[in-house]
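Below are some notes on how the helices and strands are arranged. Please read them with the model open.

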Amino acid sequence: MKILVVDDDPKYRAFVSKGLGESGIMCETVATGEDALKELRERTFDLVLLDVMLPGLQGWDVLEALRAEGREVPVIWVTARDAVDERIKGLRMGGDDYVVKPFAFSELIARIHAVMRRRGTATKLSAAGLEIDLIEAEVVRDGQSIDLTPTEFSLLRHLAVHPGETVTRTQLLQEIWGIDFDPGTNLVDVHIRRLRGKVDEPFAEPLIHTVRGSGYVLERRLLAS
């Protein structure tokens, strides 16, 4: 799962980012409503944690713009504003839940999971013999659990969403790291190598294949006899 956190408090963003990472959830953070809309228009997120009070474009305006554009990404309000009329407004506008600061982090995680289930969002993937739980960030191959870092899990998830299709390095840089330019490093290749060490090397059949000069593909291939 990949979440966008929208809040102008840098300490809060760092706190939530750390907590989500420890729960196996990838996240990006932005401080303004304008930046939130830019990210949501250019990239794919599974859910948004959105504050009401933001510099410039307010949270209300962000959600209104998203829904007007037909973007149905789940949104959970996370704000210090606890008045009942504001909670009602947030939900009537199209928010999926409303969490008041301060909160217990375990409650926030539970609410994220509940919203994903309620939305009917697919929570599991089966691809190339892998079973991937998107909520719990768990991967199983041939009955064996595979322990991945959040970045490794996000990489595998992106490949698994497009089984049998080439996913380019440029796509991975943008989706996983939010990089829209060539960083001049082998960042993607290094992480793919680590992912292969866990998903492929302990097993007889490789699933992650290099497409020379382009990127990678997740698929089962017949072994040469």
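1. Helix α6 (residues 150–161) lies across β6, β7 (130–133) and β8, and runs at about 115° to β7. Helices (H or I, at least four residues) and strands (E, at least two) are DSSP runs numbered from the N terminus. Axes are lines fitted to C-alpha atoms, for helices over the stretch in contact, and angles run from 0 to 180 degrees between N-to-C directions.

2. On provenance: this is a predicted model, in which local features need pLDDT of at least 70 and side-chain atom pairs count only at pLDDT 80 or more, while totals for chains, interfaces and linings use all residues. Residues are numbered from 1 along each chain as its sequence is written, and side-chain values use heavy atoms, with hydrogens and water left out.

3. The sheet under α6 is open, with four strands in the order β6-β7-β8-β9 and antiparallel pairing. Two strands pair if DSSP finds at least two bridges between them. β6 (124–127) and β9 (144–146) are at the edges with a single partner strand each, so one side of each has no neighbour in the sheet. Ignoring direction, neighbouring strands are turned by 25° against each other on average. Between β8 (residues 138–141) and β9 there are three bridges, and Arg141 stands opposite Gln144 in β9.

4. A further open sheet has five strands, ordered β2-β1-β3-β4-β5, with parallel pairing. Its edges are β2 and β5 (97–100), each with a single partner strand, so one side of each is left without a neighbour in the sheet. The average turn between neighbouring strands here is 20°, direction ignored. Helix α5 (residues 105–118) packs on this sheet, touching β1, β3, β4 and β5, and its direction makes about 175° with that of β5.

5. Within that sheet, β1 (residues 2–6) pairs with β2 (residues 26–30) over five bridges, with Val6 opposite Val30. Five of the five residues of β1 are buried (under 20% relative accessible area, with exposed over 50% and partly exposed in between; 1.4 Å probe, protein chains only). Lys2, Leu4 and Val6 point one way and Ile3 and Val5 the other.

6. The axes of α2 (residues 33–42) and α3 (residues 59–68) come within 9 Å and cross at roughly 25°. The contact (heavy atoms within 4.5 Å) involves Gly33, Ala36, Leu37, Leu40 and Arg41 of α2 and Val62, Ala65 and Leu66 of α3.
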